[in-house]
Every structure is written in C-alpha cells, then in structure tokens.
Amino acid sequence: MTDAEPSSEKFEDHRHAALRRKIALVCHAVRWLTVGYLLFVAWGLHDHWSNADRVQRAFRNFYKVDIAGVAPWQWRAAEAVSALDWLVLAILCWHVWRLFGRYLEGDIFSAGSASLLQRIGVLGLVTVAFDFAMRPVTVLLMTAHVADTAASRHAFVRTEDVLYIVISLVFVALGMIYRSAAELAEENAQIV
Amino acid sequence: MPIIVNLDVMLAKRKMRSRELAERIGIAEQNVSLLKSGKVKGVRFDTLEKICEILGCQPGDILEYQPDETPK
C-alpha cells in the first residue's frame, strides 16, 4: 500500500484558520485606519505650516511670543522638524501595518509577531519622547530672532502624552506575554 | 525517545490510508503523518480513543515503550 507523505511538516490546527477569519475585518480596519491617520497628520502639518498668519497667532496666544519678522530659514527648519516628527510616527505606523499583515496571514501565535508587538510598544515610547523633545526645538527655531526666548519655558507635557506612554508600555508588556504564549502554543500544537 | 509509534503498522494491517484516518478522526492529514513518524510531543486521549475505535485496536498496539540501550 502506498501512502504519500505530505510535503510540509508543519502542524496544522483548524482553530488558527477560524481565528484568522474572525479577526480579518478588525485587522484590515486597523491597517487602513493607521494609513488614514498618517495621511491626516501629514495634511494637518502641511495645513498648519502653510498658513503664516495662523502660526503667528498660535505663537502669540499659546507661547505669548510675537514671531513677526521670522526668517524663511526658520520656517524651513521648523517644517523640517515637523517632518522628522512625522517620519518617526510613520515608522511606528509601518510596524503596525506589518504586524496586522502578519495576523492576516495567520502568523498570530509566533515569536516573530510577539517581537513586533513589543517593538511597536518601544517605538511608541520613542515617538512620544521624540515629539516631546521636538516641541521646544520648534519653538526655539521659530523664536530665534526674538530676544526673550528660553527652551525651558516651552517644554510642556500634554495629558495625551501620559496616555500614549501607558498604551506603549501596555504593548511592551503584551509583547512579552505573547512571546511566552507563542512558545506555549508552539508546544501545544505538537500534541495531536 | 523510547516511545515508539506503530500507527503505520496498524494502518497497513487495516489497509487504511492516513488520509482516510485523518478524515475520520477529524484532524489534519499532516498531523497524522507527524504522529506516524513520532515527531509529536504527545497524543490527546480523545485522538487516541478515535484511532483505537476506527482501527479496532488497543492503545498498546499503537504506542510501544522501548527503553534506550545503555552500554554497561
């Protein structure tokens, strides 16, 4: 009697396929909302920096500094800092896109996905820290021509920052938990 | 590992293919092949029960203990 062996030696579990089907819509939603968010932020930054009057008004109202007479290089430098801030956010979003892409492919309980989840948490912390650091830098650049300027006056924490830090730390912890879960799942999958 | 899986022997005796056994047990054929080759960490009691029921045998016909030969 001949009995051909299947070519691959990977353990199969129909529950993985069921889970993949169940989370597919959420995964697609997360991926495309992330892209939408990134584009929305890019549009917001462009809209902000393209309106000189509004920027000047914002500095007057928020920082109590009149930036009239700001040089073109100062505008360009501040825009570049904003673009850099956006780039860090884009790296984070790209990792979210990749993770949920892996989930869609059925790579859910794996060490690779767990590491990616953990990395997203770390990148979240980096994004918050970078954003925090860039705020006074932007203000310093835009007020370089004004005599009364001190970086310490313009470093501030927003309430959302604390929330983002908490969420990022949750991702880091979940990444660690998932890594152990992936090892257990791998072992459990080898019981038929 | 000193536990030997004799599922291929029982399948040959019953003239049954892995695919048919897999379908009747309700697990993937891939997993039956891995079980046959002994590349598994364990067998669930309900899987073993179904195998014994379908092949009309005892767990001892499928699993065998062979101690490792240690030179004295």
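**Exercise 1. Determine the secondary structure of chain A and its order along the sequence.**

Solution. Chain A comprises six helices and zero strands, where helices (H or I, at least four residues) and strands (E, at least two) are DSSP runs numbered from the N terminus. Read along the sequence, the pattern is α-α-α-α-α-α.

The model is predicted: local features need pLDDT of at least 70, side-chain atom pairs count only at pLDDT 80 or more, and totals for chains, interfaces and linings use all residues. Residues are numbered from 1 along each chain as its sequence is written, chains are lettered from A and ligands numbered from 1 in the order in which they are written, and side-chain values use heavy atoms, with hydrogens and water left out.

**Exercise 2. Describe the dimensions, burial, contacts, surface and charges of chain A.**

Solution.

1. Dimensions: the radius of gyration of chain A is 23 Å, whereas a compact globule of 192 residues would have one near 16 Å. This radius is taken over C-alpha atoms, and the globule rule is 2.2 Å times the number of residues to the power 0.38. Along the principal axes, the C-alpha atoms of chain A fill a box of roughly 90 × 25 × 25 Å.
2. Burial: 31% of the 192 residues of chain A count as buried. Buried means under 20% relative accessible area, exposed over 50%, and partly exposed in between (1.4 Å probe, protein chains only).
3. Contacts: a contact means heavy atoms within 4.5 Å. Among contacts in chain A between residues at least 6 apart in sequence, 79% join residues at least 24 apart.
4. Surface: chain A exposes about 11,600 Å², and carbon and sulfur atoms supply 66% of this area. Accessible areas come from the Shrake-Rupley method with a 1.4 Å probe; for residues, only the protein chains shown count as cover.
5. Charges: chain A has 18 positive and 19 negative side chains, and the centres of the two sets lie 8 Å apart. Lys and Arg count as positive and Asp and Glu as negative, while His and the chain ends are not counted. The place of a charge is NZ of Lys, CZ of Arg, CG of Asp or CD of Glu.

**Exercise 3. Give the same kinds of description for chain B.**

Solution.

1. Elements: chain B has five helices and two strands, which run β-α-α-α-α-α-β from the N terminus on.
2. Dimensions: the C-alpha trace of chain B spans about 45 × 20 × 20 Å along its principal axes.
3. Burial: 40% of the 72 residues of chain B count as buried.
4. Contacts: among contacts in chain B between residues at least 6 apart in sequence, 65% join residues at least 24 apart.
5. Surface: the accessible surface of chain B comes to about 4,600 Å², and 51% of it belongs to carbon and sulfur atoms.
6. Charges: the mean positions of the 12 positive and 11 negative charges of chain B are 4 Å apart.

**Exercise 4. Locate A:K64 and B:K15 and state the sign of phi at each.**

Solution. Most residues other than glycine have a negative phi.

1. A:K64 is not a glycine, yet its phi is positive, about 60 degrees. A:K64 lies in the loop between α2 (52–63) and α3 (72–104) of chain A, and is exposed, with a relative accessible area of 65%.
2. B:K15, also not a glycine, has a positive phi of about 50 degrees. B:K15 lies in the loop between α1 (7–13) and α2 (18–25) of chain B. B:K15 is exposed, with a relative accessible area of 66%.

**Exercise 5. Analyse the aromatic cluster of A:F59, A:F62 and A:Y63.**

Solution. A pair of aromatic rings is described by the distance of the centres and the angle of the planes. Rings of Phe, Tyr and Trp (its six-membered ring) pair if their centres lie within 6.5 Å; planes under 30 degrees apart count as stacked, over 60 as edge-to-face and the rest as tilted.

1. Over all chains, the structure holds seven aromatic pairs. One of them is the tilted pair of A:F59 and A:Y63, with 5.0 Å centre to centre and 45 degrees between the planes.
2. A:F59 and A:Y63 are four residues apart in helix α2 of chain A, so about one helical turn separates them.
3. A:F59 is buried at 5% relative accessibility, and A:Y63 is buried at 16%.
4. The pair of A:F62 and A:Y63 is edge-to-face, because the ring centres are 4.9 Å apart and the planes are at 85 degrees. A:F62 is exposed, with a relative accessible area of 53%.

**Exercise 6. Establish how helix α3 of chain B is covered.**

Solution.

1. Eight of the eight residues of helix α3 (residues 29–36) of chain B are buried, so this helix is largely enclosed by the rest of the structure.
2. The cover over the buried residues of α3(B) includes β1 (3–5), α1, α2 and α4 (45–55) of chain B.
3. After α3(B) comes B:G38, with a positive phi near 75 degrees.
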